There are 2 protein chains.
Amino acid sequence: MERLLLRIDREIIAAGGKRSKSRAAVMERFFRAGDHVTVDELTRAVRKTFPRVGTVTVYRTLKLLARMGYANEVDFGEGARRYESNLDSHHDHLVCTACGTVIEFKDPDIEKLQDLVTRRHGFRPTAHRLEIFGLCRKCADRSAGRRQG
Amino acid sequence: MERLLLRIDREIIAAGGKRSKSRAAVMERFFRAGDHVTVDELTRAVRKTFPRVGTVTVYRTLKLLARMGYANEVDFGEGARRYESNLDSHHDHLVCTACGTVIEFKDPDIEKLQDLVTRRHGFRPTAHRLEIFGLCRKCADRSAGRRQG
DNA sequence: CCAGAAATTGAAATTCACTTTCATGTTATC
DNA sequence: GATAACATGAAAGTGAATTTCAATTTCTGG
């Protein structure tokens with residue numbers, strides 16, 4: 001973690017940038033969060049220990065991380081986009097439309113079939129996103145319970 | 001087509017709505033378009049034969065069609081959402097990031113695997129979307145050509 | 001340690017897609 | 001054809017994301 005932040009900082013400096021405390025605070029909170037955060041959520045979190053940080057800096061830092069490949073922009077159709085760390089390997093999402101829970105999953109078989117499909121169309125894939133919307137176990141149980149009793 | 005528009009009109013009237021020429025024009029252009037249109041694109045198209053139509057009406061009509069199940073909102077990450085007719089069965093998208101071409105595809109095997117994944121998580125799916133980004137055959141060939149000679 | 005150059009910051013202004021408002025125009029009904 | 005309800009569209013309003021710009025911070029090299 002400390003190591004990661006140092007590495008990113010070094011990369012930024014190599015590209016002609018300079019260190020900054022605000023950005024460091026944003027990055028640390030972001031990677032510590034672990035899940036999918038909106039700019040607004042992350043701003044509030046950072047402000048707990050760094051009240052002076054502006055929304056703009058959070059926007060800029062996340063865009064920067066995305067450009068550098070350390071973060072991904074994701075969109076669950078809520079109106080505001082979310083960012084997730086890109087340190088783990090690729091995964092897709094189950095999004096509960098009732099409670100908002102997001103479950104990550106990996107499925108190499110689906111990926112393989114996707115490769116087949118793209119090949120069939122002479123398409124060279126660079127990225128993909130798969131989101132499945134529905135009810136998580138808890139919400140499904142609740143609605144089933146209501147229906148049956 | 002004529003038949004479809006009549007049917008939709010009848011449904012609207014059954015729900016307490018009234019007929020309208022603007023809306024009819026929007027719907028006809030929309031279903032005739034066949035592909036994924038933005039509100040802006042569709043507005044411009046409708047105005048060719050119906051100059052007085054406002055953007056708002058296009059927004060409202062597409063939202064209405066989506067609510068009635070005749071259209072789907074899709075998002076290729078361009079900033080503006082697109083609408084596609086929902087008359088054909090479900091399909092997913094290959095989006096070329098170079099030229100913007102969108103290829104539709106269906107893959108029952110992928111769907112089956114998706115069902116397996118959701119079941120494994122006790123998740124009850126209601127919808128999903130799969131977008132694969134990359135280079136279409138033409139753009140891939142072009143960049144391959146450049147690379148090899 | 002200091003001065004100057006360059007990047008970073010954040011409040012405010014701006015943009016852009018989308019939605020809401022509301023006075024006016026249309027449509028259906030009696 | 002009067003009237004009640006719906007549809008329309010211009011303009012105003014939202015809200016997320018971006019840009020602007022003066023002030024601040026960071027780095028470099030005397």
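A polar contact here is a pair of N or O atoms within 3.5 Å. With that in hand, we can walk through this predicted model, starting where protein meets DNA. A backbone N or O atom of Gly54(A) lies 3.1 Å from a phosphate oxygen of DNA strand C, which falls within that cut-off of 3.5 Å. Ser20(A) also reaches the phosphates of this strand, this time through its side chain: an N or O atom there is 2.4 Å from a phosphate oxygen of DNA strand C. Chain B takes part as well, since a polar side-chain atom of Tyr59(B) lies 3.0 Å from a phosphate oxygen of DNA strand C.

Let us step back and look at the whole surface around this strand. There are 22 residues around DNA strand C, and those that come nearest are Lys18(A), Ser20(A), Arg52(A), Thr57(A) and Arg60(A). By type, the surface divides into 10 charged, 7 polar and 5 nonpolar residues. At least two residues each are supplied by helix 2 (21–33) and helix 4 (55–68) of chain A and by helix 4 (55–68) of chain B. Helix 4 of chain B gives the largest share, with 4 residues. On the DNA side, 67% of the atoms of strand C within 4 Å of the protein belong to sugar or phosphate, and the rest to bases.

Now turn to the other DNA strand. Which residues come nearest to DNA strand D? Of the 22 around it, they are Tyr59(A), Lys18(B), Ser20(B), Thr57(B) and Arg60(B). Sugar and phosphate account for 65% of the atoms of DNA strand D that come within 4 Å of the protein. Ser20(B) has a polar side-chain atom 2.4 Å from a phosphate oxygen of this strand, and a polar backbone atom of Gly54(B) is 3.1 Å from a phosphate oxygen of DNA strand D. Lys18(B) reaches a base: a polar atom of its side chain lies 2.5 Å from a base nitrogen of DNA strand D. For this surface, the largest share, 4 residues, comes from helix 4 of chain A.

How do the two protein chains meet? In all, 37 residues of chain A are in contact with 38 residues of chain B. The area buried between them is about 3200 Å², and carbon and sulfur atoms give 60% of it. In chain A, the residues that lose the most area to chain B are Phe123(A), Arg124(A) and Arg129(A), together 24% of what that side buries. The chains are also joined through their strands: strand 6 (residues 124–135) of chain A and strand 6 (residues 124–135) of chain B run antiparallel, with 11 bridges between them. There, Phe133(A) stands opposite Ala127(B).

From strand 6 we can move on to strand 4. Strand 4 and strand 6 of chain A pair in the parallel sense over 4 bridges, with Leu94(A) opposite Ile132(A). Within chain B, strand 4 (residues 92–96) runs parallel to strand 6 and is joined to it by 4 bridges; Leu94(B) has Ile132(B) as its bridge partner.

Strand 4 of chain A has another partner too. It pairs with strand 5 (residues 102–105) of chain A in the antiparallel sense over 4 bridges, and Leu94(A) stands opposite Ile103(A) in strand 5. These two strands form a hairpin with 5 residues between them, and Gly100(A) in the turn has a positive phi of about 85 degrees.

Why is strand 4 of chain A described as largely enclosed by the rest of the structure? Because 5 of its 5 residues are buried. In a regular strand the side chains alternate between the two faces of the sheet. Here Asp92(A), Leu94(A) and Cys96(A) point one way and His93(A) and Val95(A) the other way, and all are buried.

Technical notes: Residues are numbered from 1 along each chain as its sequence is written. Chains are lettered from A and ligands numbered from 1 in the order in which they are written. This is a predicted model: local features need pLDDT of at least 70, side-chain atom pairs count only at pLDDT 80 or more; totals for chains, interfaces and linings use all residues. Side-chain values use heavy atoms; hydrogens and water are left out. Two strands pair if DSSP finds at least two bridges between them. A residue is near a molecule or strand if one of its heavy atoms lies within 4 Å of it. A polar contact is a pair of N or O atoms within 3.5 Å; within protein, one must be able to donate a hydrogen and the other to accept it, and residues adjacent in sequence count only if both atoms are side-chain atoms. Ala, Val, Leu, Ile, Met, Phe, Trp, Tyr, Cys and Pro count as nonpolar, Asp, Glu, Lys and Arg as charged, and the others, Gly among them, as polar. Buried means under 20% relative accessible area, exposed over 50%, partly exposed in between (1.4 Å probe, protein chains only). Contact means heavy atoms within 4.5 Å. Buried area is the accessible area (1.4 Å probe) that two parts lose on being put together, summed over both.
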